[in-house]
Amino acid sequence: MMKKSAAGLSFAAVVGLSALSATPAAAVTLPFPNCDAAAAVGVYNIPAGTPGYGTHLDRDRDGVGCDAPGTPAYDASLVARLTAAPPQVPNMPVGGAPTGVRQDTSDNTGVVALGGGLVLAAIGGVFLVRRRTASNA
């Protein structure tokens, strides 16, 4: 019966850690998987040698991927903004120098409460499993 409680504890730990360690995915991956994906974010006429270009996007092999008459020219700054990494420090530390950049001041009280609730639920589950195994013995 000890295997069940260890398995239950392991499962609770995995669920709790996966809920607390979720990370956002990157918005755009390069090169684009197809021209529809590039057009969906407003990127057209991608020259060879620039970010986003792939030979699979250049059907006529003229050195321009996803070329379409009447569409905007390739905008390297748009591709750079789409693929920019999120800032490493999203919130200004207390007492930081004023930079003129507005910072989001939201707190994560809800996330902390949810994590604490998951930990308490896991502990309660372990307690119940141990109590049942002790009463069955």
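Among contacts in the chain between residues at least 6 apart in sequence, 44% join residues at least 24 apart. The model on display is predicted.

**The whole chain**

Begin with the entire chain selected and coloured by secondary structure. Four helices and two strands are present, and their order from the N terminus is α-α-β-β-α-α. Switching to a surface representation shows an accessible area of about 10,200 Å², and carbon and sulfur atoms contribute 64% of that area. Of the 137 residues, 15% count as buried.

**Stop 1: aspartate 58**

Select aspartate 58, in the loop that runs between strand E1 (46-47) and strand E2 (64-65). Where does this acidic side chain stand with respect to opposite charge? Aspartate 58 is buried and has no salt bridge; arginine 61 carries the nearest side chain of opposite charge, at 5.4 Å. For a salt bridge, a side-chain nitrogen of Lys or Arg would have to be within 4 Å of a carboxyl oxygen of Asp or Glu.

Display the backbone nitrogens around this side chain next. That of aspartate 62 lies 3.3 Å from a polar atom of the aspartate 58 side chain, and that of valine 64 is reached by the same side chain at 3.4 Å. To complete the view, show Tyr53, Gly63, Val64 and Gly65, which aspartate 58 contacts when its neighbours within four places in sequence are left aside.

**Stop 2: arginine 61 and cysteine 66**

Move to arginine 61, which belongs to the loop between E1 and E2. Because its relative accessible area is 58%, arginine 61 is classed as exposed. Its phi is near 55°, a positive value in a residue other than glycine. Most residues other than glycine have a negative phi.

Now select cysteine 66, located in the loop between E2 and helix H3 (76-83). Phi of cysteine 66 is likewise positive, near 55°, and this residue too is not glycine. Is cysteine 66 buried or exposed? With a relative accessible area of 7%, cysteine 66 is buried.

**Stop 3: asparagine 45 and proline 72**

Go back along the chain to asparagine 45, in the loop between helix H2 (35-40) and E1. Its relative accessible area is 17%, so asparagine 45 is buried. Which side chain makes a polar contact with that of asparagine 45? The partner is threonine 71, at 3.0 Å. Beyond residues up to four places away in sequence, asparagine 45 touches several others, among them Val64, Gly65, Cys66, Asp67 and Tyr74.

Proline 72 is also on the list of residues touched by asparagine 45. Select proline 72 in the loop between E2 and H3. At 49% relative accessibility, proline 72 is partly exposed. Apart from residues up to four places away in sequence, proline 72 touches Tyr44 and Asn45. Draw a distance between the C-alpha atoms of proline 72 and glycine 42: these residues are 30 apart along the chain, and the separation is 8.4 Å.

**Stop 4: a nonpolar patch on the surface**

Finish at isoleucine 123, a residue of helix H4 (residues 109-136). Isoleucine 123 counts as exposed because its relative accessibility is 52%, and the cut-off for exposed is over 50%. Add Val119 and Leu120 to the selection: together with Ile123 they form a nonpolar surface patch with about 300 Å² of accessible area.

Conventions: Residues numbered from 1 in each chain as written. Predicted model: local features only at pLDDT ≥ 70, side-chain atom pairs only at ≥ 80, totals over all residues. Heavy atoms only, no water. Patch = residues over 30% accessible without salt bridge, like charges linked within 9 Å, V, L, I, M, F, W, Y side chains within 5 Å. Areas by Shrake-Rupley, 256 points an atom, 1.4 Å probe, with all protein chains shown as cover. Buried < 20%, exposed > 50% of the residue type's maximum accessible area, 1.4 Å probe, protein only. Contact = heavy atoms within 4.5 Å. Lys, Arg positive; Asp, Glu negative; His and termini not counted. Polar contact = N/O pair within 3.5 Å; in protein donor to acceptor, adjacent residues only side chain to side chain.
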